[in-house]
Amino acid sequence: MKTDFRLALSKPFFVGLLISSAILRLLFFYFFLPNKPSEFGPDEGTYGTLANYSE
Amino acid sequence: MKVLTEPWQIIANNLPVQEFPGYGPDLYNSARTLIVPSSIFVRFGVSQLDSVRFVSSFYGICALLIFIMSVIALQRRNSETGNLKEVVLSNKNKLVFILYAFLPSYFLWSNLGLRESASQLFLLATFYLCVKLIDSHGFMRWIIIAFTPIVLMLAFGSRPETATLFSICALFFGFIIFWKVRNYSIAFVIFLGFALGQVFTTTPTVRASEVLIAAKVPVTETKSVQPQIDSELSKQCKHKNQHLAEKNDRFVCIFFKQYEVIDRNPFKKAKSQVLTTQILEYKRNVNRVEASSALPESSCTFNFTGVLQKFSCNIVELPYRLPSFLIRPFPFIDSGSNSQNLAGYENILWLFLISFGVLRALRKAKFQENGFIIAFLFSFLTCFATAAALYEGNLGTAFRHKSTILWSLLLILILTNESRVIRRRIY
């Protein structure tokens, strides 16, 4: 597993893919996603509310 | 009997899940891999929506890393010595990796606070660990054997139905490995993961009762702010509104609702999951309620009874429902809202990927070095697509749930893209 991880991070293509995915996600998170549950996935509001609950 | 809502739990997480409106505790238990980490962020003051989005997005990046590591692990299996110095990356494979990272719909689902990325991450991780288990030896083998059931259990905590289908396929292939080479490890870890998954997601039957507790004055008992409770002082409560004092703080005794577990049966849970196959039409109709893109109701008119009736109807309707699940909404057929049109354009790409993946799996799996693994991925893809096609009642949810097969479809494309067709492994 360590070798797979090392090989994954030794390839600039994979590192670029992971970093660009992280940056795009951050951009989405801060600039594009609405402050209320999105119409594309209204269930996220339910899961968000559930995070206030406990077994 | 375990008391669920201990005072510290109430303070930490605010509300008992039994009182969650509408869905009750069932949804909590079948999504806890997403919800429990999110609740930690909520406790630190992050908004509930941001919390689930952050956790979902983090799972999405981890899934990408595990996807890359899975391809590397499979390439290492194929290399002559097993010591791969560098990953082979053709342009076609690069395109597949980019698709997994940035396919618009999956990228969106994994940015929103939904269960898609969690389910995909833990299924992919289970697949990866099983691949590693095949070739591992010694101490590392035992580490993987211990770790894989836990990862599969977490997959159950993100979407139990998908994890059940994955487990059934993996168990079947695990038994083939056992039959061929007497290696029981894959079947064992999957069975253990399935059992742990049932325990992890079982919703207990509870009994509500009211107890006297000592709450700090002033008592703030709203939906979002729970009273501050002193569990030691609560033992001194004799009646309601009794006043108590502890150092400089004043407390008053109030009635508080608590829940006791009276039954928690994972076998019932496993049985109900299997029996879901008999109520697919009911589930489909529930999914249709208030959906703008609802699929038509069943028009099956067979005169059989019981299971035979349901089975026949499912078989007859599959040729219509399967393409609907896989490639609809489709441009010019389902034009409507902007989001439906966008989904339609992406489905052109899905149509190409699915046709190409299925054709190549059928043509090449038999001769490819990783034929056994391709067969497993193909069986999971087929089982999921068939079950989901009969389960989904509207195009929107169907389009979202389709992303569950993305990783297996893209892995098939990468594995069948390898030009080297050398000796075929048994597994």
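Here is a walk through one sheet and a few backbone oddities in chain B of this predicted model.

Let's start with the sheet. Chain B has an open sheet of 4 strands, ordered 3-2-5-4 and paired antiparallel. Strand 3 (229-230) and strand 4 (243-246) of chain B sit at the edges, each pairing on one side only.

Take the strand 3 edge of chain B. Strand 2 (residues 205-216) of chain B runs antiparallel to strand 3 of chain B, and 2 bridges join them. If you want a spot to click on, Ala214(B) has Asp230(B) in strand 3 of chain B as its bridge partner.

Now hop over to the other edge. Strand 4 of chain B is joined to strand 5 (residues 249-263) of chain B by 4 bridges, again antiparallel. There, His243(B) stands opposite Val252(B) of strand 5. Strands 4 and 5 of chain B make a hairpin with 2 residues between them, and Lys247(B) in that turn has a positive phi of about 55°.

Positive phi shows up in the helical parts' loops too. Arg182(B), which is not a glycine, has phi near 55°, and this residue lies in the loop between helix 9 (160-181) and helix 10 (185-201) of chain B. Is Arg182(B) buried or exposed? Arg182(B) counts as exposed, because it has 7 C-beta neighbours inside 10 Å and the cut-off for exposed is 12 or fewer.

Last stop: the loop between helix 14 (306-327) and helix 15 (338-364) of chain B, where Pro329(B) is found. The peptide bond from Arg328(B) to Pro329(B) is cis, with omega near 0°. Phe332(B) lies in that loop as well, with a positive phi of about 75° despite not being a glycine. Phe332(B) has 6 C-beta neighbours inside 10 Å, so it counts as exposed.

Technical notes. Residues numbered from 1 in each chain as written. Chains lettered and ligands numbered in written order. Predicted model: local features only at pLDDT ≥ 70, side-chain atom pairs only at ≥ 80, totals over all residues. Pairing = 2+ DSSP bridges. Buried ≥ 20, exposed ≤ 12 C-beta atoms within 10 Å, placed from the backbone.
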